[in-house]
Structure formats: C-alpha cells, structure tokens
Amino acid sequence: MDLNEELVLANRILYERGVVDGFGHVSVRDVRDPERFLLARNIAPALVTAQDVMAFALDGAALGGDSRTPYLERFIHGSIYRVRPDVGAVVHNHSPAVIPFGVVAGVTLRPVFHMSSFLRGPVPVFEIRDAAGPDNDMLVRDESLGDALAASLGDNPMVLMRGHGSTTVGRSLPEAVFRAVYAEVNARLQAEAMRMGEVTFLSDKEALRSSAANAGQIARAWELWSRAVSVSS
Ligand code: MN
C-alpha cells in the first residue's frame, strides 16, 4: 500500500477507536528517505485524505516548498525520529484515560493485560516545566521541546505528557496505532482495577514474552480496523 494511503487509514482508525478527536496526529517515516517524515497538514485526523499529507525534515521544516499550515506540535515527530532509528511511526494524542497517569504522583501506567504488554517499563512522564520552565503553554511548540520529549521517551514505546496527553511509537504504522489503541484501553482497565483493590501487573518476563507473541498478531487488528474505516468513508 502507498505510504500516504496507509497514513490516511491510520488517522481514521485512531479516530474510530477514540484515540484522537479533533486533535492529535500520526506520522510515518519516509521509507525512501529516513531523514524525512510524512504528516498531514493542520486538519482533524478523521478528515485527512492523501492530498493532505505533507513531507517534513526532522527539524520540523516543511519540504518541497509546501506552504500549507502544519500542526504546531510536529516537532514531537521529528525529534523522536532523529534519536530513535528503530521508530517508523509516531502517534501523539490526548486520549482521556491515560491523562490521570501523567498527573498523579506515585501512580505509573503499567500493563494490566497481555494486549498492552508493550507498556513494560513503567511508562515515563514528560514534565514540560523541566524543559520550558513555569511560563509554558503545555505545547511542544519548538525543536528544543521536541528534543526534551524525545529524551523523556528514551528507549520506551510510550511517554506520558503531564497535563497534556501522550506519544506512542512503533516500528510501523500498524504497530504504533495498535499501541496507541491498547494504551488507552489499558489506562481504563488499570484505573478500574485500582479502584477495586491491589493490582497484579504483568511481570517483566510475562510482558516481554507477550509482546513477542503480539508482534505476529498486529496485522490482524490492522486488517479489521482498516475495513471498518474503509466501509464508512
Ligand atoms: Mn498535543
């Protein structure tokens, strides 16, 4: 499948699964040139078409003289691609269930079931005040803030952003989308479980082995979710 078309599908799936709404964005590294990434112009994810896709350098500059308005927070993507050669796709979103895990001291997002075993970590939290000081607007609006976020992400598959949302990465669009969907599901389930009592999380070993098993199943979810959005478009 054409990379632009795959990116359109990713946008629509993330909307259908409640990961993005009017806000949030997903990008893919250009397989023809790893120093570029593809990301839609500033538009609600559910409305993205192949014609809306723009190409960017890793510093967030639009390529090819494209003067359309980009997403303000495109630096999230470029900064991560620069320091994580293993990453092929990035999802940034504000899905609601993960937000509490970025704002409550002493509570970390951890895998409660096998579909979210990639959350083995626990998931780090990006504190924008550490990078931008107290006088900030919560947004990753330049390259230095993008670099600070990428540093918080480290080698992890996801980083929570305190008072804002989260960013999830994968080797491919299907993997990044799968992770963003199941991170939100895990957050919902974890909050529910914590209200009921003491939670048994997946051990590191269980999470590692489960992630390896899931890697071969991501295509199944992608196929199902793709069909759902293709029928409705
Ligand atoms: Mn945001």
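Visitor: Where along the chain is the place of Met 138?

Guide: Met 138 sits in the loop between helix H4 (128-132) and helix H5 (143-153). Helices here are DSSP runs of H or I with at least four residues, strands are runs of E with at least two, and both are numbered from the N terminus. This is a predicted model, in which local features need pLDDT of at least 70, side-chain atom pairs count only at pLDDT 80 or more, and totals for chains, interfaces and linings use all residues. Residues are numbered from 1 along each chain as its sequence is written, and side-chain values use heavy atoms, with hydrogens and water left out.

Visitor: Why is Met 138 called partly exposed?

Guide: Buried means under 20% relative accessible area and exposed means over 50%, with a 1.4 Å probe and protein chains only. Met 138 has 23%, so it falls in between and counts as partly exposed.

Visitor: What is notable about phi of Met 138?

Guide: Its phi is near 75°, a positive value in a residue other than glycine. Most residues other than glycine have a negative phi, and most peptide bonds are trans. A cis peptide bond is present too: it joins Gly 121 and Pro 122, with omega about -5°. Pro 122 belongs to the loop between H3 and S5.

Visitor: What makes Pro 124 count as buried?

Guide: Pro 124 has 18% relative accessibility, which is under the 20% limit, so it is buried. This residue is in the loop between H3 and S5 as well. Contact means heavy atoms within 4.5 Å; leaving out residues up to four places away in sequence, Pro 124 touches Ser 152, Leu 153, Asn 156, Met 158, Val 159 and Leu 160.

Visitor: How do you know that Ser 117 is buried or exposed?

Guide: Its relative accessible area is 1%, under the 20% cut-off, so Ser 117 is buried. You will find Ser 117 in the loop between helix H3 (100-103) and strand S5 (125-126). Apart from neighbours within four places in sequence, Ser 117 is in contact with Pro 111, Leu 202, Ala 207, Ser 210, Ser 211 and Asn 214. The Ser 117 side chain also reaches the backbone oxygen of His 114 at 3.0 Å.

Visitor: Why is helix H2 described as mostly covered?

Guide: Of the 9 residues in H2 (residues 75-83), 7 are buried. They are Phe 75, Ile 76, His 77, Gly 78, Ser 79, Ile 80 and Tyr 81. Ser 79, for one, has a relative accessible area of 1%, so it meets the same cut-off. Beyond residues up to four places away, Ser 79 touches Leu 58, Glu 143, Gly 146, Asp 147 and Ala 150. What covers the buried residues of H2 includes strand S1 (25-29), strand S2 (36-40) and H5.

Visitor: What makes the protein chain as compact as a globular protein of its length?

Guide: The chain has 8 helices and 7 strands. Its radius of gyration is 17 Å, close to the 17 Å that the globule rule gives for 233 residues, so the chain is as compact as a globular protein of that length. The radius is taken over C-alpha atoms, and the rule is 2.2 Å times the number of residues to the power 0.38. Buried residues make up 51% of the 233.

Technical notes. Polar contact = N/O pair within 3.5 Å; in protein donor to acceptor, adjacent residues only side chain to side chain.
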